[in-house]
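Biologist: I've got a new model open and could use a hand reading it. Shall we go through it together?

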Amino acid sequence: MKKFGIFLGIVILIGLSIFGYIETKKYLVKNDVHTYLLKEKNIKEADIEALDPFVANLDGDKNWLVYVKIKNDPKKYYYYKNSDTDRILLESAE
């Protein structure tokens with residue numbers, strides 16, 4: 001019974017570590033995209049309707065996309081951060 005408790009504790013610790021990594025990665029990419037929109041694209045804070053990070057199941061850095069919706073713009077934008085160049089890039093707009 002004691003071994004099962006130790007095993008369960010290790011499994012929970014690993015699960016929380018993975019969850020923490022994913023949430024931290026999404027948070028950091030979202031903040032980088034937010035800063036990019038404000039400083040590089042000169043979009044006003046009030047014009048950003050949605051800024052939602054998610055796991056896209058794509059290869060490499062494109063796995064961590066951020067959905068962006070701008071007020072009075074019918075398009076939906078998806079940005080990611082290229083870790084090699086440290087730049088924010090537009091993955092797609094629809």
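Modeller: Sure! One definition to begin with: helices, of at least four residues, and strands, of at least two, are DSSP runs numbered from the N terminus. Keep in mind that this is a predicted model.

Biologist: Okay, so which pattern does the protein follow along the sequence?

Modeller: Let's count the pieces before ordering them. The protein has one helix and four strands. Read along the sequence, they give α-β-β-β-β.

Biologist: And how spread out is it, going by the radius of gyration?

Modeller: The box around the C-alpha atoms, taken along the principal axes, is roughly 60 × 30 × 25 Å. For 94 residues the globule rule gives 12 Å, and the protein is well over that, so it is more spread out than a compact globule. Its radius of gyration is 17 Å.

Biologist: How many residues of strand β2 are buried?

Modeller: Buried means under 20% relative accessible area. Across the protein, buried residues make up 27% of the 94 residues. In β2, W64, V66, V68 and I70 point one way while L65, Y67 and K69 point the other way, and all are buried. Strand β2 is therefore largely enclosed by the rest of the structure, with a buried count of seven of the seven residues.

Biologist: Why do its side chains split into two sets like that?

Modeller: That's a general habit of strands. In a regular strand, side chains switch from one face of the sheet to the other, so the word to remember is "alternate".

Biologist: Which residue in β2 is the bridge partner of V55?

Modeller: Look at strand β1 (residues 48–55), which runs antiparallel to β2 and is joined to it by seven bridges. V55 has its partner in β2, and that partner is W64.

Biologist: What about the other neighbour: which residue in β3 stands opposite Y67?

Modeller: β2 also pairs with strand β3 (residues 76–82), in the antiparallel sense over four bridges. The two form a hairpin with five residues between them, and N72 in the turn has a positive phi of about 65°. Opposite Y67 in β3 you'll find Y78.

Biologist: Is D86 buried or exposed?

Modeller: D86 is in the loop between β3 and β4 (87–93). Its phi is near 60°, a positive value in a residue other than glycine. The cut-off for exposed is over 50%. D86 has 55% relative accessibility, so it counts as exposed.

Notes: Residues numbered from 1 in each chain as written. Predicted model: local features only at pLDDT ≥ 70, side-chain atom pairs only at ≥ 80, totals over all residues. Heavy atoms only, no water. Rg over C-alpha atoms; globule rule 2.2 N^0.38 Å. Buried < 20%, exposed > 50% of the residue type's maximum accessible area, 1.4 Å probe, protein only. Pairing = 2+ DSSP bridges.
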